[in-house]
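This report describes selected strands, contacts and surface features of one protein model. Please consult the sequence and the structure shown below while reading.

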Amino acid sequence: MSKFTLRALVATALILPLLLFVAPLAAQPGNKTLVKGKLTEAATGTPLGYASVRILQMPENKLVNGALTDESGAFAVELPYGAYIAEIEFIGFELHKTGVFTLSKENALRDLGTIPLAASSSNLDEVVVTAEKSTMVLALDKKIFNVGKDLANAGGSATDILTNIPSVSVDPEGNVKLRGSDNVRILIDGKPSGLVSFKGGSGLQQLQASMIDRVEIITNPSARYEAEGSAGIINIVLKKDNRRGFNGSFEVIAGEPANFGGAANLNYRHRKINFFINYGLAYRISPGVGSLYQERYSNDTTFILLQNNEGKMRGFNNNVRGGLDYFFDEKSILTAAYLWRRSDANRITDIRYEDYLFSTNNLDSYTTRRQEETEDEPNSEYSLVYKKKFAAEGHELTAEAKYLNYWEHSDQLFTQHTFLPDGTEEISKLEVQHSLNDEYENQWLFQLDYIQPFGKDGKMEFGARSSFRDMVNDYVVSEQNAGGIFEPLPGLDNYFIYKENINGVYGIYGNKKKKFSWQTGLRAEYTVVTTILRETGEENPRNYFNLFPSAHFTYDLPKNNAVQLSYSRRVRRPVYNDLSPFVTFSDSRNFWSGNPDLNPEFSDVVELGHVKYFEKGSLSSSVYYRYTDGKIDRIRAVDDQGFATTRPENLVSEKAFGVEFASGYTPVKWWKLDFNFNFFHADVDGSNIEATYKATTYSWFARQTSRFMLPRQFDIQLRGNYEAPQKTAQGERRALWYADLAASKDVLAGKGTLTLNILDIFNTRRMRTVTEGANFYNRGDFQWRRRQINLTFNYRINQAKQVGKGKKSDGEE
């Protein structure tokens, strides 16, 4: 039996019970009719996706059904015979109410046509509360999280935002996981960014939360998206407005540990031109602590290491994003944008190593080491996007060119002293080392997407994408000799070159028949990766050609339910940090490096999702299965001297399945609840590295947020997080839990908001791990992010926090 057949059988066994459960729900009572329409922004004609549509029966004015618009702004709601009105809401726009319309046997289809929504009044004195933008919007193919409505995000960074999002977990070191997997693709405005090129998810600490509009989670992407990331895609969408006239917001931040900064988001739309600019700056001090206990076994001797780390990083970050939209007409837009970031950091870390024989009562020696680092990171991104909408609805062409330039300079000094148990220094073991590291990246990205509708609900999509990426690491570590001269250490002086070219094309076909819709796609990608060590002449070229199919099948059930079955094949290619052979040198006992021989991992993902909308909220549930061949995981090895090296390796495989629930619920007007629960099982096989490197784990995590909207525009928010223990190929990650508290108060007649938040109230967010090998046992406890208290003031100009009073349209029956 082939691996794919086996995976298909397992996936079928997982989803069949759910299919049997939901099938009876599809039974339809008689006398059914349909009302449909499409929402657009009145000023620009832009479709409004994920707007709320409610259908009320008349004359009782009773809610009977509802829906969210899709990405094209379209909606369709099934109803029994009767008389109704529709209420339509979207943040920043007037509430729209239709007139009464009647559905009957003779009039079984009501097309409300294209409904243009007008922006809400900029006169804040006239604004009244009718609705507010939901923190979480659930759909079958993605989940959308609106950043501004989450009080815990005020004064934070992009990393803090991801920490607060369901399905996503961020460990104290800044590593991002989606549904328990670290193979996730992080995009900014739908494209790669220099922030995550070298440092992965931890680089997002440089991006301020005030510049972010929303985050989209796509767990099983279609062929439209690049194939990278088996767990899915996290897309961070930055703020931009195109309402006519001038509008904007300003923000100032103060916090403890030190977190001081400010931000401005400004827009001006006049006739055919829309200008936008976002600026943010932040000064932060980030203290961290950690400890490590290690036993190493050699012959009949047990060597014990007790290690304690204490560090502090001072960072100053600047972010500027600006650009303009030029409207040739309302259906033809050219957007030019520029993004510049610079991060300047100073890091001081003190480490104490205590070496024992057999027990911690028998100290052999102790060593102190100090790292002093200065780091500069300027980063620029340029983009040009053209979007054309043709006369037929859904007929679109989008073309984009993007250039990314990134540079990082790191200058580190290490001083190490060794002492006997009585405190006498061993002068002969004094070490003074100096590390210089320069990293560069240049990337060109070209993308073309075309959508051609046909028939009533059919569409075809075609696209192409090319990425050309060059990265360099100039690295040298020197040690001071007896004469005070620094000399390069053998093996730690080289020039690493990474070249990556990826060319891809895709096609998608989709259609709908009554309640059943489908979309199938195929993506082909050709990858050329070359790594070169210039000083030693080592070259490692790699070429891959891969096909990535995808399929999504959706069935609309009665009473505002829908189910979707989806499949996609994904890849995780080794990137720069995975392949670079250079080791980190800040810790003289624990080293991290890449692996030049690493191969890509491939995953097949099957997911069955269900979403239910009801009057007071929504519920999303899903069952998923993921098989990964050649899984990439970091493996720790300890040599005979007690030095540990951690680097990525290809394991045999990982088989994972799980269930997930996400819900937004408003039991009463003043209380909003968001809940997320994920349970998963995984079998990890690393027996190709070591026979004992196998693990079967059951784990889960839960997150619950309560927001209380009290009188006088005063809000309180409380969130609890828990991540259960999880076994790994070499040990386990222990449980992680923490809680956040926030409060906000509107001031200055609703134009300003004061927000106070406390992140990790009880200071419990620690990364605790156990790692074991044939000759060692290791236990770590690290906390690189301490409890944080922030006070933020936000002031808005011509931006209503709440939606304006609704207006009733004319012309309906």
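L324 is placed in strand β19, which covers residues 301-329; strands (E, at least two residues) are DSSP runs numbered from the N terminus. The model is predicted, so that local features need pLDDT of at least 70 and side-chain atom pairs count only at pLDDT 80 or more, while totals for chains, interfaces and linings use all residues. Residues are numbered from 1 along each chain as its sequence is written, and side-chain values use heavy atoms, with hydrogens and water left out.

**Surface patch and the strands β19 to β21**

With a relative accessible area of 31%, L324 is partly exposed; buried means under 20% relative accessible area, exposed over 50%, and partly exposed in between (1.4 Å probe, protein chains only). L324 joins F246, Y268 and F275 in a nonpolar surface patch of about 340 Å². Such patches consist of residues with over 30% relative accessible area and no salt bridge, nonpolar side chains (Val, Leu, Ile, Met, Phe, Trp, Tyr) being joined within 5 Å and like charges within 9 Å. Accessible areas come from the Shrake-Rupley method with a 1.4 Å probe, and for residues only the protein chains shown count as cover.

Strand β19 runs antiparallel to strand β20 (residues 332-357), and 26 bridges join the two; strands are said to pair if DSSP finds at least two bridges between them. A hairpin of two residues connects β19 to β20. E310 has D350 in β20 as its bridge partner. Strand β20 is in turn joined by 25 bridges to the antiparallel strand β21 (residues 363-389), where S380 is the bridge partner of W340. The hairpin of β20 and β21 has five residues between the strands, and F358 takes a positive phi near 70° there.

**The second largest pocket**

Strands β19, β20 and β21 also contribute to a pocket. The second largest pocket has a volume of about 610 Å³. Its lining comprises 28 residues, of which D355, T367, R589, Q641 and F643 lie nearest the centre. The elements giving two or more residues to this lining are β18 (273-298), β19, β20, β21, β22 (396-419) and β23 (431-454). The most is given by β21, with four residues. On a 1 Å grid over the protein atoms alone, a pocket is an open set of points where a 1.4 Å probe fits, with protein on both sides within 12 Å along at least five of seven lines; lining residues have an atom within 4 Å of a point. Grid points are joined across faces, edges and corners, and a volume is the space filled by probe spheres set on the points.

**Strand β5 and its partners**

Strand β5 (residues 82-89) is mostly covered, seven of its eight residues being buried. Its pairings are listed below.

| Partner of β5 | Bridges and sense | Residues opposite each other |
|---|---|---|
| β2 (residues 52-57) | six, antiparallel | I55 and A86 |
| β6 (residues 96-97) | two, antiparallel | E87 and K97 |
| β7 (residues 101-103) | three, antiparallel | G82 and L103 |

Strand β8 (residues 109-117) contains L117. L117 is buried, at a relative accessible area of 1%. Its C-alpha atom is separated by 5.2 Å from that of E41, although the two residues are 76 residues apart along the chain.

**Salt bridges**

The structure holds 34 salt bridges, each being a side-chain nitrogen of Lys or Arg within 4 Å of a carboxyl oxygen of Asp or Glu. In one of them, E226 meets R465 with the closest N and O atoms 3.5 Å apart. This pair links distant parts of the chain, 239 residues apart: E226 lies in the loop between β14 (212-218) and β15 (232-238), and R465 in strand β24 (residues 458-480). E226 is buried, with a relative accessible area of 10%, and R465 is buried at 8%.

R342 and D376 form a further salt bridge, at 4.0 Å from N to O. R342 belongs to strand β20 and D376 to strand β21, 34 residues apart. R342 is partly exposed, with a relative accessible area of 27%, and D376 is partly exposed at 23%.

In the salt bridge of D781 with R766, the closest N and O atoms are 2.8 Å apart. D781 is in strand β43 (residues 776-783), and R766 is in the loop between β41 (752-759) and β42 (767-773). D781 counts as partly exposed at 22% relative accessibility, as does R766 at 26%. Finally, E228, R523, E525 and R573 are linked in a network of salt bridges.
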